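Student: Could you zoom in on one part of this model for me, the aromatic pairs, and set them in the context of the whole chain?

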Amino acid sequence: MSDLARAHRELQAQIPQRRARLRQLGLDRPDEEFDRFAQALGRTSGIPGAMAMANAISSQQLFTGLHLPSAEDLGSVAEAEALAAAVGRVMPLEHGYCPETMNRKVPLTLPDVCAKADFAGNEVVDLINIRTYLGVRLMDKELGIPLMTICVVGREARPMEDGQRMLAFIKERERQAQYLLDQRIDAL
């Protein structure tokens, strides 16, 4: 069995534990604090029209924190409403890149998701036109398991030279998001 297959199997086995922990922390539903975090994450990402999520992952992906671009950002109310309907707050594990990020100890940054065949075929490329992704997992400091991710996605490919800036950005935001999660664990 490959290391990737082993890591994926471990994550699958942790689903009941992760689901119970997310419920205990109040992160099994939309959360105002993580909505504010996602809003700041998207607006400061340097990605035009960015979407940002704090993603609680168990048997599905739940965007406990969510930021979508405004009608002004997108140029029309109809486009903003269509995007909000397509994204929603719940996504299957087979869509997007956060389930892959849960397997990684380091952030995943994809200035152009279509530059790698493994990522170009993901459903979100066609579903909501994702072309850029940067994300990182957050750990439960007591249980020692990955609990959620934070990510920014964009609808235009970024120059490959932007990869280092994107990596530095998501690492900085990882520390902030991990602090929020740690505070919630400490309050139990």
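Tutor: Sure, and one term first: a residue is called buried here if its relative accessible area is under 20%. By that cut-off, buried residues account for 48% of the 188 in the chain. Keep in mind that this is a predicted model.

Now the aromatics. The count comes to two aromatic pairs. Take Y97 and F119: their ring centres sit 5.7 Å apart with the planes at 70°, so this pair is edge-to-face; the label applies to planes over 60 degrees apart. Y97 belongs to the loop between β3 (90-91) and α6 (98-102), while F119 is in helix α7 (residues 117-120), so the pair ties together parts that are 22 residues apart in sequence. Both Y97 and F119 are buried. Bring in Y133 and you have one aromatic cluster, made up of Y97, F119 and Y133.

Stepping back to the chain around that cluster, you'll find nine helices and six strands. The radius of gyration is 16 Å, close to the 16 Å that the globule rule gives for 188 residues, so the chain is as compact as a globular protein of that length. Its C-alpha trace spans about 45 × 40 × 30 Å along the principal axes. As for contacts between residues at least 6 apart in sequence, 70% join residues at least 24 apart.

On the outside, the chain exposes about 9,300 Å², with carbon and sulfur atoms supplying 50% of that. Charge-wise, there are 23 positive and 26 negative charges, and their mean positions are 5 Å apart.

Terms used:
Residues are numbered from 1 along each chain as its sequence is written. This is a predicted model: local features need pLDDT of at least 70, side-chain atom pairs count only at pLDDT 80 or more; totals for chains, interfaces and linings use all residues. Side-chain values use heavy atoms; hydrogens and water are left out. Helices (H or I, at least four residues) and strands (E, at least two) are DSSP runs, numbered from the N terminus. The radius of gyration is taken over C-alpha atoms; the globule rule is 2.2 Å times the number of residues to the power 0.38. Buried means under 20% relative accessible area, exposed over 50%, partly exposed in between (1.4 Å probe, protein chains only). Contact means heavy atoms within 4.5 Å. Accessible areas come from the Shrake-Rupley method with a 1.4 Å probe; for residues, only the protein chains shown count as cover. Lys and Arg count as positive and Asp and Glu as negative; His and the chain ends are not counted. The place of a charge is taken as NZ of Lys, CZ of Arg, CG of Asp or CD of Glu. Rings of Phe, Tyr and Trp (its six-membered ring) pair if their centres lie within 6.5 Å; planes under 30 degrees apart count as stacked, over 60 as edge-to-face and the rest as tilted.
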